[in-house]
Amino acid sequence: MRIPCYLAPLLILAVLPSPASAQIAPPKIVDAHVHYNGDPAFLEKLAAKLDSVDGLALLITAPKDLAAVKAFIAKHPNRLRGLGEIKLDDPTALDQVDQFHAAGFVGLGEITSPLKNYDDRSYWPIYERAEKYRMILLFHTGIVNRLHPEIPTDISVDRMRPLTLDGIARRFPQITIVGAHLGNPDYADAAEIARWNPNLYFDLSGSSLIKKQDDPTFWKTIFWWSGIVSPHTPPGAPDAFERVVFGSDVFEGELEEFDRELERYHKTLDACGVPKAAQDNIFAGTMWKILNHKP
Ligand SMILES: [Zn+2]
């Protein structure tokens, strides 16, 4: 068949493979919280795991690993996106935000252990830059481990309370915030600010679902407003549990935690009677829309 020459460029476009950014089918799972441990072997295992479950993970990446992770993501564009691990108190943080953005990273995190409260105004230039790039910010909230008690550290859970995210969410509406661990143990605080901030979500990773495994319907008292119509709840709000997104908090290469956390989520959400459509959003839909800038 002869193709009119004015159609030839269109034909060439039609047969070229579509770029990674044009991935259309949503994955079944989006894990918003996976730590890279710096071991390339872990990346291969993670990609294989995500292939097996049709999953996509946001991979928390230290600046030293930026180049390696960028290259790996380029090979597995439908399985991974990058989060740049910056320190709010690092004087080079702004430059690092630029570098992560230039490398195609979709967000920053896990942000943790600040010397001031998360909402301290001295951190606002970092949030402004992140907003300019429409980044996702993953913050640690609530209790944090203390793996080396013999070493003095300037860390306090008090500076990472979930309520410190409220002012950031309101001041920077183009940022999407994910608070890790639902502020353990300040669950009610975390859920209430997520109720009114459409750009604020939490994951349930960490010890909370283990702590409450014999009392899973406890979470209905935290996410209480499903189906309630009142001037005191956001109009047209979906299921209250949709303020939650899936995060496994795999760290130090322990990929087995992915399946364990997935099972805990399923058991908890089923026990609370969360409808399938809402669960689909929790496990993938919500983050997928955010990644595609479709709020
Ligand atoms: Zn984490």
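Start with E110, which sits in strand β4, spanning residues 107-111. This is a predicted model, and E110 is a good spot to zoom in on: the peptide bond leading into it from G109 is cis, with omega near 0°. As background, most peptide bonds are trans. Both partners in that bond, G109 and E110, turn up among the contacts of L138.

So what else does L138 touch, once its neighbours within four places in sequence are set aside? From β4 and elsewhere, the list reads A32, H33, L83, G107, G109, E110, I111, V178 and A180. L138 also belongs to the largest nonpolar core, a set of 74 residues. Within that core, L59, L108, L137, L138, I177 and V178 touch the most other members. V178 therefore shows up twice, as one of those well-connected members and as a contact of L138, where contact means C-beta atoms within 7 Å. The largest share of the core comes from helix α11, residues 276-291, which supplies seven residues. In general, nonpolar side chains in soluble globular proteins tend to be buried together.

Now step off the end of β4 into the loop between β4 and α5, where T112 lies. How many C-beta neighbours does T112 have inside 10 Å? There are 18, so T112 counts as partly exposed; the buried label needs 20 or more. T112 is in contact with H140, V144 and M160, leaving aside neighbours within four places in sequence. Take V144: T112 and V144 are 32 residues apart in sequence, yet their C-alpha atoms are 9.1 Å apart in space.

S113 is in that loop between β4 and α5 too, and here the backbone does something worth a look: phi is positive, about 50°, although S113 is not a glycine. Most residues other than glycine have a negative phi. S113 has 17 C-beta neighbours inside 10 Å, so it is classed as partly exposed.

For another positive phi, go to D54, in the loop between α2 (40-53) and β2 (55-61). D54 is not a glycine either, and its phi is about 50°. With 14 other C-beta atoms within 10 Å, D54 is partly exposed.

One more backbone detail rounds off the tour. Which peptide bond is cis with omega near 10°? That is the bond from N184 to P185. P185 lies in the loop between β6 (176-180) and α7 (187-196).

Notes. Residues are numbered from 1 along each chain as its sequence is written. This is a predicted model: local features need pLDDT of at least 70, side-chain atom pairs count only at pLDDT 80 or more; totals for chains, interfaces and linings use all residues. A nonpolar core is a set of buried Ala, Val, Leu, Ile, Met, Phe, Trp, Tyr and Cys residues joined through C-beta atoms within 7 Å. A residue is buried if 20 or more other C-beta atoms lie within 10 Å of its own, exposed if 12 or fewer, and partly exposed in between; C-beta atoms are placed from the backbone. Helices (H or I, at least four residues) and strands (E, at least two) are DSSP runs, numbered from the N terminus. Two residues are in contact if their C-beta atoms, placed from the backbone, lie within 7 Å.
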